Amino acid sequence: MHKMAKDMEKVAIREQFDYIPAARDRAWGMYVTGVGRFVAPALLGARQRQREHFGPRGKGRVLRDYALIYLTDGHGSFMGHDTGWRRVGAGDVLVLFPGIWHDYRPSPETGWTERWLTMNGDLPNQWCMYDLLCVDTPVLHVGVHDELVASFDRLLEIGRACPPFANQIQAGVSMEILALIWKFHQSRKSHAKQSAPVIESAISFIGKNWAQEIDFEAWAKKTGVGYRHFRRLFQEATGLPPYQYQLNLRLNHAKRLLGSLPVAEVAARVGFTDPLYFSRLFKNKVGVAPTRWH
């Protein structure tokens, strides 16, 4: 058994790139301090893995940066600063915070595959303020998705190639990763699963009828959903209530027409009967008057 374990340890795979941010990286608002992938096969001892990557077993670790760790197979255990050990595995994302103690390890019986990134900056701090990253929710179950795996692997590709402005490119990919994590996490909630067809239908309907007046209460009733419930689910999915979502579509279409058509005609084409109201609304939402948009 000892020889078998030793042989299995030889197929462990680790790839890691660490970065010291330059001034321009910090000025970007978010900078990546490390990316990597680790495959811990079955029978790879937890003590061996802890020593190689995370320090002695059982002592845990405190990071200086934020980290997102995506598990795509196998299972193991995670302990937060104020919780006991809990089982984690394929499809889970571990969300770690600077200055917060944690510990985690793969199971020797199954091993696991993890992909990770560490990051810091003003943007991650802001995400914490709005609970996009929440210290009370260190484990998010999102499922295993090729799209998310590909984004993490893109970070590694950039690390290997090290092109100019690599850190800025990785920061952009990292933002995509966080968006995908929240997309998949929200879609796995039971109420989100049940309501997904209704919300998708509503988005499609608004997309085809954005220039028309839409009675959203009547539309929700027709689909068998209470309006308040529908409005809440729609806002969770899109970030906006349905009326504001439609309004944004109208204004975005208006942007494409301004400069080639008079303001009054643009207002009519995007569903506004009063060009003065359209002008005030456009300036309030976009920040400039429609006559100055180009």
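Which helix holds both Glu265 and Arg269, and how many residues apart do they lie?

**Entry 1. A pair within one helix.** I looked up this pair in the model, which is a predicted one. Glu265 and Arg269 both belong to helix 11, spanning residues 263–269, and lie four residues apart, about one turn of the helix. I then checked their side chains and found a salt bridge, with 3.0 Å between the closest N and O atoms. Glu265 has a relative accessibility of 31% and counts as partly exposed. Arg269 also counts as partly exposed, at 47%.

**Entry 2. The chain as a whole.** I recorded 12 helices and nine strands for the chain. The chain has 294 residues, and 43% of them count as buried. I next turned to contacts between residues at least 6 apart in sequence, and noted that 70% of these join residues at least 24 apart. For the accessible surface I noted about 16,000 Å², with 54% of this area belonging to carbon and sulfur atoms.

**Entry 3. A salt bridge across the sequence.** My search of the whole structure returned seven salt bridges. One of them joins the side chains of Glu15 and Arg160, at 2.6 Å from N to O. This pair links distant parts of the chain, since Glu15 sits in strand 1 (residues 13–18) and Arg160 in helix 5 (residues 146–161), 145 residues apart. I asked whether Glu15 is buried or exposed. Glu15 counts as buried because its relative accessibility is 18%, and the cut-off for buried is under 20%. Arg160 is partly exposed, with a relative accessible area of 48%.

**Entry 4. A buried pair.** I examined Arg105 and Asp103, which form a salt bridge with their closest N and O atoms 3.2 Å apart. Arg105 counts as buried at 12% relative accessibility. Asp103 is buried as well, with a relative accessible area of 3%.

**Entry 5. A nonpolar patch.** Which residues make the nonpolar surface patch of about 380 Å²? I found Met129, Tyr130 and Leu132. I located Leu132 in the loop that runs between helix 4 (122–129) and strand 9 (139–141). Leu132 has a relative accessible area of 38% and is therefore partly exposed; the patch criterion asks for over 30%.

**Entry 6. Review.** I set the three salt-bridge pairs side by side. In the pair Arg105 and Asp103, Arg105 is buried and Asp103 is buried. In the pair Glu15 and Arg160, Glu15 is buried, whereas Arg160 is partly exposed. In the helix 11 pair, Glu265 is partly exposed and Arg269 is partly exposed.

Conventions:
Residues are numbered from 1 along each chain as its sequence is written. This is a predicted model: local features need pLDDT of at least 70, side-chain atom pairs count only at pLDDT 80 or more; totals for chains, interfaces and linings use all residues. Side-chain values use heavy atoms; hydrogens and water are left out. Helices (H or I, at least four residues) and strands (E, at least two) are DSSP runs, numbered from the N terminus. Buried means under 20% relative accessible area, exposed over 50%, partly exposed in between (1.4 Å probe, protein chains only). Contact means heavy atoms within 4.5 Å. Accessible areas come from the Shrake-Rupley method with a 1.4 Å probe; for residues, only the protein chains shown count as cover. Patches are made of residues with over 30% relative accessible area and no salt bridge: like charges are joined within 9 Å, nonpolar side chains (Val, Leu, Ile, Met, Phe, Trp, Tyr) within 5 Å. A salt bridge is a side-chain nitrogen of Lys or Arg within 4 Å of a carboxyl oxygen of Asp or Glu.
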